[in-house]
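The following exercises practise the reading of a protein structure. Each task is followed by a solution in steps.

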Amino acid sequence: MDPFVHSRRLALRHVTSRQNPRVKLAIQLRFKRKRDVHGLFLIEGERELERAAEAELPLEFVLVDKTIAEDRVHSELLTRMESGGKTEIVPADENIMDLVCYRGGHSRMVAVAPKFSLDLNRISTKENSLVLIAVALEKPGNLGTILRSADAAGADAVIVCDQVTDVFNPNVVRSSLGTLFSVPVAQATKDSTVEWCRLQGVNLIATTPQASSSYTSVDYTMPSALVLGSESEGLDDDWFEKADEVVYLPQLGQADSLNTAMAATVMLFEARRQRDTGIQ
């Protein structure tokens, strides 16, 4: 059946009530406790859902603005998300879409998806791996930005260590622009993360403003894990004892710390520069 015809047929039975069970579930999934109970999370936005489709991420259902369900421009994406009939496409009134959208403003697509595994052992390393370890990050936006930078710099994985922020927080999904689905992500404790790095032969490079060596002095062409802490707490001393290198990022102004996501981006692209040019 032509996907356009199919989507028009679906639009004839669009959702108009906030009491609809799918609408109620989508609203609940804004909260971590409900995400944990249901094992589900929200993906909001066309670009984010494009990347979920590229990653062949399974979806439970997709709420779409009824005007999109009638639109040839979006029929290809809707067909891909429908996955041969496995995923239900649910057209909805604009006011319903406003209700379920987590971000400010009106998104025209919101999907509910099963959580995927964050087990550290599912991360496969390469001969010369580049990994970023984010320790006790508090802000979902920072984690999402780190994922975008990791994706852009060609990092092999991001490990969320001693979790504070939920990886499946809608703001992580949104600020990652869907790179949550393209960058391998794991969640682990400090001890298991360090043990994993040792077993994989990956050097730990920890960051602190108190270090004596600049971040540019380290050889990132070797298998490397960049370790960054939160802006408020940084890393504890145990990380520095376990690290192979401890470095700082120069700061010439009044601020005593950098945004964690910005610091991660600087270090990732220094590693990328060295790997691309072979020049330290």
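**Exercise 1. Aromatic pairs**

How many aromatic pairs does the structure hold? Describe the pairs in which Phe41 takes part.

*Solution.* The model under study is a predicted one.

Step 1. The structure contains five aromatic pairs.

Step 2. One of them joins Phe41 and Phe116, with 6.1 Å from centre to centre and 80° between the planes. An angle over 60 degrees counts as edge-to-face, and the pair of Phe41 and Phe116 is accordingly edge-to-face.

Step 3. Phe41 belongs to strand β1 (residues 40-44), whereas Phe116 is found in the loop between β4 (109-114) and β5. These residues are 75 apart, and the pair thus links distant parts of the chain.

Step 4. Phe41 and Phe168 have ring centres 4.8 Å apart and planes at 50°, so this pair is tilted. Phe168 lies in the loop between β6 and α9 (170-175) and Phe41 in β1, so the pair ties together parts that are 127 residues apart in sequence.

Step 5. Ring pairs connect Phe41, Phe116, Phe168 and Phe181 into a cluster.

**Exercise 2. Buried or exposed**

Is Phe41 buried or exposed?

*Solution.*

Step 1. A residue counts as buried under 20% relative accessible area.

Step 2. The relative accessibility of Phe41 is 0%, so Phe41 is buried. Its ring partner Phe168 is buried as well.

Step 3. For the chain as a whole, 49% of the 280 residues are buried.

**Exercise 3. The open sheet**

In what order do the strands of the seven-stranded open sheet stand, and which strands are at the edges?

*Solution.*

Step 1. The order is β7-β6-β5-β10-β8-β11-β9, and the pairing is parallel.

Step 2. The edge strands are β7 (185-188) and β9 (213-214). Each has a single partner strand, so one side of each is left without a neighbour in the sheet.

Step 3. Within the sheet, β8 (residues 203-207) and β10 (residues 224-228) are joined in the parallel sense by four bridges. Leu204 has Ala225 in β10 as its bridge partner.

Step 4. Helix α10 (residues 190-200) packs on the sheet and touches β5 (130-135), β6 (157-161), β7, β8 and β10. The direction of α10 makes about 150° with that of β6.

Step 5. Helix α12 (residues 260-277) lies across β5, β8, β10 and β11 (245-248), and runs at about 160° to β10.

**Exercise 4. A residue in strand β5**

Which residues does Val131 contact, apart from its neighbours within four places in sequence?

*Solution.*

Step 1. Val131 is part of strand β5.

Step 2. The contacts of Val131 beyond four places in sequence are Ala157, Ile159, Trp196, Ser224, Ala225 and Leu226.

Step 3. The relative accessible area of Val131 is 1%, and Val131 is therefore buried.

Step 4. Val131 and Ala155 are 24 residues apart along the chain, yet their C-alpha atoms are separated by 5.8 Å.

**Exercise 5. Two packed helices**

At what angle do α8 and α12 pack, and how far apart are their axes?

*Solution.*

Step 1. Two packed helices are described by the angle and the distance between their axes.

Step 2. For α8 (residues 140-153) and α12, the angle is about 10° and the axes are 9 Å apart.

Step 3. Angles under 35 degrees count as roughly parallel, and α8 is therefore roughly parallel to α12.

Step 4. Residues of α8 in the contact include Asn142, Thr145 and Ile146, while those of α12 include Thr260, Ala261 and Met262. By class, the residues of this contact comprise nine nonpolar, five polar and one charged.

**Exercise 6. Strand β2**

How many of the five residues of β2 are buried, and where do their side chains point?

*Solution.*

Step 1. Five of the five residues of β2 (residues 61-65) are buried, so the strand is largely enclosed by the rest of the structure.

Step 2. In a regular strand the side chains alternate between the two faces of the sheet. In β2, Phe61, Leu63 and Asp65 point one way, and Val62 and Val64 point the other way.

Step 3. β2 pairs with β3 (residues 88-92) in the parallel sense over five bridges, and Leu63 stands opposite Val90 in β3.

Step 4. β2 and β4 run antiparallel and are joined by four bridges. The bridge partner of Val62 in β4 is Ala111.

Technical notes: Residues are numbered from 1 along each chain as its sequence is written. This is a predicted model: local features need pLDDT of at least 70, side-chain atom pairs count only at pLDDT 80 or more; totals for chains, interfaces and linings use all residues. Side-chain values use heavy atoms; hydrogens and water are left out. Two strands pair if DSSP finds at least two bridges between them. Contact means heavy atoms within 4.5 Å. Axes are lines fitted to C-alpha atoms, for helices over the stretch in contact, and angles run from 0 to 180 degrees between N-to-C directions. Rings of Phe, Tyr and Trp (its six-membered ring) pair if their centres lie within 6.5 Å; planes under 30 degrees apart count as stacked, over 60 as edge-to-face and the rest as tilted. Buried means under 20% relative accessible area, exposed over 50%, partly exposed in between (1.4 Å probe, protein chains only). Angles under 35 degrees count as roughly parallel, over 145 as roughly antiparallel, 65 to 115 as roughly perpendicular and the rest as oblique. Ala, Val, Leu, Ile, Met, Phe, Trp, Tyr, Cys and Pro count as nonpolar, Asp, Glu, Lys and Arg as charged, and the others, Gly among them, as polar.
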